[in-house]
Amino acid sequence: MDCRRLAFVCIVTYVLSVIAYIAYTRLVPYDVTLVPAPAAASISLLLSTGNLSSTANTTKVLASASGGERSTPTPTAAPPSTGPPPAASSSSWLWSAFAANTSAASQDGVWQAVDDNSTFVYSAYHDDVSTPVVRVIAIVAEGLQDSSPRCLYFARFPPPPSGPFATRTATVQFVPEPKWGYKYRSAAVICPLEAGDRPQAVSVVPPTWRESQGQQPLNVVHVHWRTYSSNLLRNLTRCNPALHSSLTASTPLVEMFTFNRHFGTEHFVMYSLKVGDQEQRVLDLYRSRGQLDLYQWNLPVPASDIHYFGQLANIQDCIYRNLHVSRFVMFGDVDEILVPRSTSSLLTLAWMWLVGRPNCGSLQFYNIFFPLQQPDTDIQFPHRPLAEKYRMNTFLKTQAMATGTSRQKMIIDPTRVEISGIHDIEVFRPGFTRCRVQHSEGVLQHYRTVTEESEVNHLKRNHLPVDTFLHRYTDVIVTVASELTTLGYT
């Protein structure tokens with residue numbers, strides 16, 4: 001009697017598994033269907049989901065820094081896997097359940113656990129600049145740099161029920177940082193690639209993980225599979241760290257977008273941890289125009305356990321998100337504006353240095369504070385009433401305090417940098433180094449209330465020089481005011 005009952009249960013379980021598998025494969029087919037040419041606002045979505053190949057006939061890089069024609073982006077289906085077909089797993093029921101529980105939406109830009117709260121993964125990129133690897137952006141507990149997690153490679157995303165086609169032993173690469181003593185550090189899990197590997201998805205598992213024990217991975221991440229091509233989607237992209245608190249006004253955010261567009265920035269990548277309603281309205285406006293990619297930064301650890309809301313992981317993600325997508329990448333906070341001074345365009349300046357001087361991997365800009373606690377300038381300039389109405393500090397604050405390299409920011413060629421810090425490059429690709437522009441060529445103008453003791457004492461002891469360079473761009477005031485009016489601010 002017991003044997004017959006056991007056999008009946010096994011048969012019912014098998015039939016239900018087959019029905020679930022058939023339903024799943026009909027709802028989530030693996031084949032990618034060609035889509036019509038997207039609007040500008042859709043291009044970033046196609047890139048993030050892998051439906052737009054960077055090796056396709058996408059927007060061409062300017063033939064020169066001053067201009068050039070662009071071709072219309074042509075989307076293509078994600079390239080078929082060239083790796084071996086998924087092998088039959090000894091526990092196919094495990095992978096059937098895993099696939100059935102995996103969302104059809106791209107698991108990209110979402111923090112996922114690897115194990116019991118010691119490692120988390122966010123995104124994955126094919127890095128073919130040196131030895132080809134899959135680079136998984138991660139947060140890892142301090143002290144685990146010698147651990148050897150494993151990478152499970154899947155030929156399709158979502159992962160097929162038959163399981164991974166390969167398992168590779170990985171290494172953990174921490175982002176260098178001062179000895180801040182935080183519990184978690186920003187890192188990358190480096191998954192090696194062997195001949196024939198072409199994963200479209202990866203799961204990172206701890207070294208103790210055993211499929212034979214019926215364990216399922218806790219994560220699955222879509223791999224951005226891009227290779228080198230002379231055709232890039234854009235020339236200059238700006239990366240901003242995670243927004244983590246509400247601003248007192250939307251003006252600084254609109255000023256940042258407007259000035260950067262004026263100086264040649266084509267696209268923005270930003271991350272949202274905590275955003276107020278006012279800022280969200282601004283972000284939604286630029287997303288609707290196809291000028292902004294916004295990713296959730298659902299930090300999986302307490303903010304007090306990692307440096308500055310995981311900014312170093314944030315930076316690495318933006319670099320590799322733009323690898324083979326944007327020729328140049330720049331960094332800055334909302335209250336920072338990179339200002340070209342010898343030319344009218346940051347793109348021209350980047351081209352002169354990072355293309356004109358082949359050994360330059362990054363272009364460093366000296367920091368100049370414009371302290372907000374200093375009084376507004378008494379200099380008259382066009383459209384001043386509008387600048388005062390909307391509190392445009394970029395025009396009202398003109399007393400300048402230079403701090404040199406202590407808070408510098410960069411424009412980089414993402415193929416020449418392996419790891420970036422917040423204010424400097426930590427690891428260059430072989431053969432490349434940093435280059436610094438002089439004050440007369442370009443600066444980082446930083447609008448904030450200075451609070452460090454040395455900075456406050458400097459204000460007390462010294463009469464700051466006046467810098468009115470941005471007053472030559474007072475037409476920007478009208479644009480910012482127009483944008484704020486569009487957003488409903490009067």
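In which strand is Thr119 found? Thr119 is found in strand E2, residues 119–127, and the first view below starts there. This is a predicted model, in which local features need pLDDT of at least 70 and side-chain atom pairs count only at pLDDT 80 or more, while totals for chains, interfaces and linings use all residues. Residues are numbered from 1 along each chain as its sequence is written, and side-chain values use heavy atoms, with hydrogens and water left out.

**View A. Thr119 and its contacts in strand E2.** Strands (E, at least two residues) and helices (H or I, at least four) are DSSP runs, numbered from the N terminus. Thr119 is buried, at a relative accessible area of 9%; buried means under 20%, exposed over 50%, and partly exposed in between, with a 1.4 Å probe and protein chains only. Setting aside residues up to four places away in sequence, Thr119 touches Gln112, Ala113, Val114, Ile139, Val140 and Leu144, where contact means heavy atoms within 4.5 Å.

**View B. The largest pocket and its lining.** About 690 Å³ of space lies in this pocket. On a 1 Å grid over the protein atoms alone, a pocket is an open set of points with protein on both sides within 12 Å along at least five of seven lines, a cavity is a set where a 1.4 Å probe fits but cannot get out, and lining residues have an atom within 4 Å of a point. Grid points are joined across faces, edges and corners, and a volume is the space filled by probe spheres set on the points. The lining of the largest pocket has 27 residues, and Leu247, Pro252, Val334, Asp335 and Tyr447 lie nearest the centre. Two or more lining residues come from each of helix H4 (251–262), strand E14 (336–340) and helix H9 (393–396), with H4 giving the most, four residues. By class, you will find 13 nonpolar, eight polar and six charged residues in this lining; Ala, Val, Leu, Ile, Met, Phe, Trp, Tyr, Cys and Pro count as nonpolar, Asp, Glu, Lys and Arg as charged, and the others, Gly among them, as polar.

**View C. The largest cavity.** The whole structure holds six cavities of 30 Å³ or more, and about 80 Å³ of space lies in the largest. Its lining has 13 residues, with Cys239, Pro241, Gln311, Ile315 and Phe331 nearest the centre. Helix H6 (residues 311–321) gives the largest share, four residues.

**View D. Backbone features in three loops.** Most residues other than glycine have a negative phi, and most peptide bonds are trans. The bond from Phe157 to Pro158 is cis, with omega near 0°, and Pro158 lies in the loop between strand E4 (150–154) and strand E5 (166–169). Tyr308, not a glycine, has a positive phi of about 40° and sits in the loop between strand E12 (292–296) and H6. Arg391 has a phi near 50°, and its loop runs between helix H8 (384–389) and H9.

**View E. The largest nonpolar core.** This core has 57 residues, and Phe257, Met270, Phe365 and Ile411 have the most contacts inside it; a nonpolar core is a set of buried Ala, Val, Leu, Ile, Met, Phe, Trp, Tyr and Cys residues joined through side-chain atoms within 4.5 Å. Helix H7 (residues 346–355) gives the most to this core, with seven residues. Beyond four places in sequence, the contacts of Phe365 include Leu338, Leu346, Ile411 and Val437.
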